[in-house]
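Hi everyone, thanks for making the time. I'd like to walk you through one structure this morning, so let me put it up on the screen.

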Amino acid sequence: MTFSIVGRSADGQSLGVAVASKFLAVGAAVPAAEAGVGALATQAFANLAYRGQGLALLRTGTAAADTVAGLVAADPGRVQRQLGVVGPTGDGATYTGTGCFDWAGGTAGDGYAIQGNILAGPAVVTEMERAWLAAPDLPLARRLHAALAAGDAAGGDRRGRQSAALLVVRPGAGYGGLSDVEVDLRVDDHPDPVTRMGELISLWELYFGKPDPATLLPLEGELAGEVRDRLAALGHDDLAAWAGIENLEERLVDGAIDPLVLAQLRAAGPA
């Protein structure tokens, strides 16, 4: 009772899932992903075993379509299942059982699979695909959310709104470079979860996004003095100490300052 998109980034390195539903904490049930392996969404009386089984198949190099075929063939409840799978290369694949509640269906192409059930109509899937194809240059989290938002605007789950989730994996892209989970955000119970998810992505970009080397400002001259004075006024001896407290440590760069960090520092108080 859900609509979702499973996708791969243009460079093939990121894999992820975005999902929304009139269902409490949909992120606890639908998405699964493993860096370098694949991603999937299981929904419509979701068979949660599909997550581990599907990733195991993808890990062996099984194509998305064959992974879908294998999972549903072994499932006696397949008529009520819906599934989308994307691997590290090639087309995605989607499946909708004949017993899923109307409207139910999906579409797939190179690097994506879109599916939904109990939808307002086929336009939900159509608009999600349109939004996905229109934004190939966006970071995967933003591209997946754009598709989800398009589906929501087209009517989404015809029962209403309750939760949304976004999961993106990429080798070494997690916090501190020590995991592959780049983005893992959930809105478990909210009147407008897809919009709220967009707000959370903006916060994730601030706190955990990597600085753009082209925009870094050298910490020298007047700027170095300003930063030093502002830190002193806030009771800190160095930028790392303040940034750690403000959860901005992922944006620190030796000898320079990220403009987003500088803006947060300036907003924290007078020099």
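Let's start with a single pair of residues: Val85 has Ala93, in strand 6, as its bridge partner. Please keep in mind that this is a predicted model.

That pair takes us to the two strands. Strand 5, residues 82-86, pairs with strand 6 in the antiparallel sense, and the pairing runs over four bridges. On this side of things, helix 2, residues 64-73, packs on the sheet and touches both strand 5 and strand 6. The direction of helix 2 makes about 150 degrees with that of strand 5.

Now for the sheet as a whole. It is an open sheet of four strands in the order 3-4-5-6, with antiparallel pairing. Which strands are at the edges? They are strand 3 (31-34) and strand 6 (93-96), each of which pairs on one side only. On average, neighbouring strands of this sheet are turned by 10 degrees against each other, if we ignore direction.

There is another helix to mention here. Helix 1, residues 49-59, lies across strand 3, strand 4 (38-43) and strand 5. Helix 1 runs at about 150 degrees to strand 4.

Finally, let's move along the chain to His236. You'll find His236 in the loop between helix 6 (221-233) and helix 7 (239-245). Is His236 buried or exposed? His236 counts as buried, because its relative accessibility is 17% and the cut-off for buried is under 20%. Leaving aside residues up to four places away in sequence, His236 touches Leu231, Ala241, Trp242 and Ile245.

That's my tour, and I'm happy to chat about any of it.

Key: Residues are numbered from 1 along each chain as its sequence is written. This is a predicted model: local features need pLDDT of at least 70, side-chain atom pairs count only at pLDDT 80 or more; totals for chains, interfaces and linings use all residues. Side-chain values use heavy atoms; hydrogens and water are left out. Buried means under 20% relative accessible area, exposed over 50%, partly exposed in between (1.4 Å probe, protein chains only). Contact means heavy atoms within 4.5 Å. Two strands pair if DSSP finds at least two bridges between them. Axes are lines fitted to C-alpha atoms, for helices over the stretch in contact, and angles run from 0 to 180 degrees between N-to-C directions.
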